[in-house]
Amino acid sequence: MQFGLSEEQTLLQDNVNRFLKDNVPLDRVRAYAEGGDDSDIWQGLAELGLAALLVPEDQGGIGLGALDAAIVAECLGYHVAPAPFLGTAVMAPTALSLSEGDHSELLGQIIAGEKRVGIAFGEAVGRRNDAGLSVEGGKISGKSIFAFDADADYYLVADHTHNLHLVDSADKGLQRKPLTTVDKSRRTVEILYDNAIAMPVSNDPAVYEGTLDVGRVVLAADTLGAAQNMIDQSVAYAKQREQFNRVIASFQAVKHMCAQMTADLEPCRSMVWMAGHALADLADEARVTACHTKAHLAEVGKSVSKTATEVHGGMGFTDLLGLHYWFKRIGANRQWLGAPELVREEAARLQGLAA
Amino acid sequence: MDLSFGSEYDDFRAEVRGFLQNNKDKVPTSGNMRGQDALDYQKLLIDNGYAARTIPSEYGGFGAPPNIIQSRIIGEEFVSARMSQGMGGQGISMLTPTLLEVGTEEQKQQFIRPTIHGEINWCQGYSEPGAGSDLASLSTAAVLDGDEWVVNGQKIWTSGAHHADWIFCLVRTEPEAPKHQGISFLLFRMDTPGIEVRPLVDMTGVANFNETFFTDVRVPKDQIVGARGQGWQVANTILGHERDSLASPNQTLARLQAVTAMMKDESLNGERLIDIPVYRDRLMRLQGREMSLRFNEMRVLSSRLNEGQDASLARMITKLQGTELRHEVEGMAIDIMGEIGLSYEDNPYTRGEGGWQSQYMYYLGLIIGGGTNQIQKNIISERGLDMPREPKVEKKQ
């Protein structure tokens, strides 16, 4: 029995963290937030093999699983790195390789870092406002909101019947408008479809579910990393900030905030690992675990991001320190692909506890 | 990740299940810990390796080599069969491992066999009115007079002192030494003249705790474990054990399942509780938390099995989080039942598995006991996060 990361997984974690530490310091995140580009970051990550992570070996990929994707996402969250990982490297390859069609060309381009595939799942997870899609005769019309990312070459679109389609961003019937959100480390768009070509990916509910589940676990892992970084920053700050002639880390009021954050987040690490493992190996538990992991990490992330900001006092509130990038990243992960109440209701339905 | 214990353990699990199946009728029903049925059941468990499993057979145990997975399987199967794992108590959980670690051969021979068989009941004399979280400041004194220690002072929270045969007790023997170096670990009979036990009724209405007073209690000089002045170190050889065992994830899961079952059976205005969204969401929230702690416990277990895997932080938080979660699970069962949730003792309206109110309070007791959860946070921040201790404040004269 071994509940933990393998040597290969630790190595993967080290490699990704090293790359991000060297190439994506906070200033680089700020540059992206102010309108810069993230293509160099994604190119570098693709060269590390991350774009090929979940693509099966027989289609030229590395063929690793959800736990490995979660490990990478934890690193990205830790560094609040701008990158299209969730769509391009996780959800799209999952859907494309689970589907029956031949998508080897696009998968090859994903692996090479040449093409990015965004996700437009909002309407399937829960339709809001005037968003809505109609697909007929291979053409799609309507609107998706908060699709990620803004610079994708294709979008994997889930309609309200949970059918999956692929739409080309260059299609004349497609229009994108940037949607500013509080999280500026990643960009989302509104997509207007007017008889755009919808290439069918899958009508199998299992493909939609498998794609959604891995997306949720990866978002939870991103929150795990971001929250861990906020704790690390809080502890470090408390050890050097002095008030009343002593470092504030010696006050129990501050220590207990840090201890509580740690006590809340440490089980989350175990949970994310288990959720990743379950998606690959424990079919019976996988879906419920994915839902609970998404919701629980959202709750813990929310309290850690608040508490960590408080530990920093007034500085936590400033842009100077940039702590807010993590706060906002965690906030966005909470809302994407289902906020906690919605996902917990799904967990209840999966167990036959709700209609 | 590899969550299987390996097929070699399937046989072991089947063996445990077989034992449980065949011995359901042996579980003591009298409720008397010292009754013959309790003693017989304890012996049956030891003879089959389900209690005192790793205690060497020369001291009356089963004598199996330590095997974390086997111990875990036994725990899982007994919980799921809802069968007692035999006698607990601080003599078995705390003193026996301490004696094995630092006791003399004579002490091991004298005490371990009767202790694990339930023939000697122990109580623990650690906390004092003036020494709770700051246990090392304890002041119960023992002074050597010829061949005997003369003990004077008071202990508190001495669970089971009213029916204990012996006490293991921390006393100050070197008043001039720094506080951690002046303590000794003594063993003595509870019927020694000069001991007075006064019951302390707790908020659940039970008098399991006591205040225990010592007036010129004379203890033979050799009834000391470890060297004179080394009592703090002796006590700490196994203190970690206690915290790990306070809120078992298996039992919390069982209680959460009992709440879920109750929500399907009980109704409000004709609607099943499980069909009421606010209740259901609260259940789901707790289920998520419970999952995270259960998986965390698997990681801790894994770190004990696999050298090089560090899960020290994951382990440090188990008492804090486990007791808080269990308290909330019991509290939820109360809330969703409205006034019925107040039912206590013989109230016929008690629903589901029952015990909600007493467990709710009992776990509040455990949030405080075994090192308060505030002390747990000190430990997490100081040992886990390397944050400095609170500076000492000069006492006002």
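Colleague: Which residues in α11(B) meet α13(B), and which residues in α13(B) do they meet?
Modeller: On the α11(B) side they are B:K319, B:L320, B:T323 and B:E324, and on the α13(B) side B:N373, B:Q376 and B:K377. This is a predicted model, where local features need pLDDT of at least 70, side-chain atom pairs count only at pLDDT 80 or more, and totals for chains, interfaces and linings use all residues. Residues are numbered from 1 along each chain as its sequence is written, with chains lettered from A and ligands numbered from 1 in the order in which they are written.

Colleague: What makes two residues be in contact?
Modeller: Their C-beta atoms, placed from the backbone, must lie within 7 Å.

Colleague: Why are α11 and α13 called helices?
Modeller: Helices are DSSP runs of H or I with at least four residues, strands are E runs of at least two, and both are numbered from the N terminus. In chain B, α11 covers residues 318-335 and α13 covers residues 373-384, so both count as helices under that rule.

Colleague: At what angle do these helices of chain B pack, and how far apart are their axes?
Modeller: The angle is about 145° and the axes are 9 Å apart. Each axis is a line fitted to C-alpha atoms, for helices over the stretch in contact, and angles run from 0 to 180 degrees between N-to-C directions. The crossing of α11(B) past α13(B) is left-handed, a word used if the near helix is turned anticlockwise from the far one by less than a right angle, with right-handed used if clockwise.

Colleague: How many residues of each class does the contact of α11(B) with α13(B) have?
Modeller: One is nonpolar, three are polar and three are charged. Ala, Val, Leu, Ile, Met, Phe, Trp, Tyr, Cys and Pro count as nonpolar, Asp, Glu, Lys and Arg as charged, and the others, Gly among them, as polar.

Colleague: What makes β2 and β3 of chain B a pair of strands?
Modeller: Strands pair if DSSP finds at least two bridges between them. β2 (residues 141-145) and β3 (residues 148-156) of chain B run antiparallel and share five bridges, so they pass that test. One of the partnerships sets B:A141 against B:N152 in β3(B). Their hairpin has two residues between the strands, and B:G146 takes a positive phi near 65° there.

Colleague: Which strand does β3(B) join through eight bridges?
Modeller: That is β7 (residues 209-220) of chain B, running antiparallel to β3(B), with B:G153 partnered by B:F214. β7(B) also pairs with β6 (residues 195-200) of chain B in the antiparallel sense, over six bridges, and B:P199 stands opposite B:N210 there.

Colleague: Over in chain A, what is called cis?
Modeller: The peptide bond that joins A:F148 and A:D149, with omega about 5°. A:D149 sits in the loop between β3 (139-148) and β4 (154-158) of chain A.

Colleague: What phi does A:N195 take?
Modeller: A positive one, near 55°, in a residue other than glycine. Most residues other than glycine have a negative phi, and most peptide bonds are trans. A:N195 lies in strand β7 (residues 188-197) of chain A. That strand pairs antiparallel with β3(A) over seven bridges, including the one between A:K139 and A:I197. β7(A) is also antiparallel to β6 (residues 174-179) of chain A, over six bridges, with A:R176 opposite A:I191.

Colleague: How many residues of chain A are in contact with chain B?
Modeller: 38 residues of chain A, facing 42 residues of chain B. The largest share of the chain A side is from α9(A), with 16 residues. By class that side has 20 nonpolar, twelve polar and six charged residues.

Colleague: Into which domains is chain A divided?
Modeller: Domain 1 (7-111), domain 2 (117-203) and domain 3 (206-350), with bounds from an automatic or database domain assignment. The C-alpha centres of domains 1 and 3 of chain A lie 20 Å apart, and their contact takes 21 residues from domain 1 and 26 residues from domain 3.

Colleague: How do you know the confidence in chain B?
Modeller: From pLDDT, the predictor's confidence in each residue, from 0 to 100. Chain B has a mean of 93, and 98% of its residues reach 70 or more. The model scores ipTM 0.96 and pTM 0.94.
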